[in-house]
Amino acid sequence: MWTNIHEKECNIDLEKLWNYYSDVNLWKQWDEEIEKMELNGNFVTGTTGVMSMTGQEPMPFTLTDVEIKKHFIDETVIEPLKVKIIVGHYIEEKTNGRFILRHSVIIDGENADVVAKQIGESFTIDIPQSMEKLIKLSDVGWQIDTFIII
């Protein structure tokens, strides 16, 4: 098994963020590698779909776990390679009103180590930039910090 995790503390509007997660037609606004997304139903656990990434064949996926405004996990099984790619998107609310966003990629299965060496880095290299775009799109807007000097 191979794992890559990227996380970022941020100040976001949770409603906006969840909208960008749950509406797959908006994914290409924060992930430039996506050409087209199709979801065969609602954004709930068990729903299947097809993801088309730049320069790749369309890949079927399944939403294996969705908890509204908390996380979602999608899984793509690549039978010929005997692996599955599990992508997690997590939202953790901190006590100070800020959030931690965490995106993870796990390559698991019989040939996970070999496949990870071939595609792991290229598959995850744009995650930090995608997360930055997602955070900007989900920003709470202008904030004014008030300081009182006595």
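In which loop does Lys 82 lie? In this predicted model, Lys 82 is placed in the loop between β5 and β6. The phi angle of Lys 82 is near 60 degrees, a positive value in a residue other than glycine. Lys 82 has a relative accessible area of 45% and is therefore partly exposed. A second lysine, Lys 69, is found in the loop between β4 and β5. Phi of Lys 69 is likewise positive, near 60 degrees, and this residue is not a glycine. With a relative accessibility of 28%, Lys 69 counts as partly exposed. Most residues other than glycine have a negative phi.

The protein chain has 150 residues, 37% of which are buried. Its secondary structure amounts to 4 helices and 7 strands, which follow one another from the N terminus in the order β-α-α-β-β-β-β-β-β-α-α. Taken along the principal axes, the C-alpha atoms fill a box of roughly 70 × 30 × 25 Å. Among contacts with a sequence separation of 6 or more, 45% join residues that are 24 or more positions apart.

The largest pocket encloses about 610 Å³ of space. Its lining consists of 29 residues, and those nearest the pocket centre are Met 51, Met 53, Met 59, Val 87 and Phe 123. By class, the lining comprises 16 nonpolar, 8 polar and 5 charged residues. At least two lining residues are supplied by each of the helices α2 (27-30), α3 (112-124) and α4 (127-137). The strands β3 (48-53), β4 (59-67), β5 (71-78), β6 (83-93) and β7 (99-109) also each contribute at least two.

Helix α3, one of the contributors to this lining, is not straight. It bends by about 50 degrees at Gln 118. The end C-alpha atoms of this 13-residue helix are only 15 Å apart, whereas a straight helix would reach 18 Å at 1.5 Å a residue. The buried residues of α3 are Ala 112, Val 115, Ala 116, Gly 120 and Thr 124. These buried positions are covered by elements that include β1 (2-10), β6, β7 and α4.

Strand β1, which takes part in covering α3, contains Thr 3. Thr 3 is partly exposed, because its relative accessible area of 41% falls between the limits of 20% and 50%. When neighbours within four places in sequence are left aside, Thr 3 is in contact with Val 105 and Ile 106. The C-alpha atom of Thr 3 is separated by 12 Å from that of Phe 123, although the two residues are 120 residues apart along the chain. Phe 123 is also listed among the residues nearest the centre of the largest pocket.

Another threonine, Thr 47, is located in the loop between β2 (34-39) and β3. Is Thr 47 buried or exposed? The relative accessibility of Thr 47 is 8%, which lies under the 20% limit, so this residue counts as buried. Outside its neighbours within four places in sequence, the contacts of Thr 47 are with Leu 39, Asn 40, Gly 41, Asn 42, Phe 61, Thr 62 and Leu 63.

Conventions:
Residues are numbered from 1 along each chain as its sequence is written. This is a predicted model: local features need pLDDT of at least 70, side-chain atom pairs count only at pLDDT 80 or more; totals for chains, interfaces and linings use all residues. Side-chain values use heavy atoms; hydrogens and water are left out. On a 1 Å grid over the protein atoms alone, a cavity is a set of points where a 1.4 Å probe fits but cannot get out, and a pocket is an open set with protein on both sides within 12 Å along at least five of seven lines; lining residues have an atom within 4 Å of a point. Grid points are joined across faces, edges and corners, and a volume is the space filled by probe spheres set on the points. Ala, Val, Leu, Ile, Met, Phe, Trp, Tyr, Cys and Pro count as nonpolar, Asp, Glu, Lys and Arg as charged, and the others, Gly among them, as polar. The expected span of a helix is 1.5 Å times one less than its number of residues. The bend at a residue is the angle between axes fitted to the seven residues ending there and the seven starting there. Buried means under 20% relative accessible area, exposed over 50%, partly exposed in between (1.4 Å probe, protein chains only). Contact means heavy atoms within 4.5 Å.
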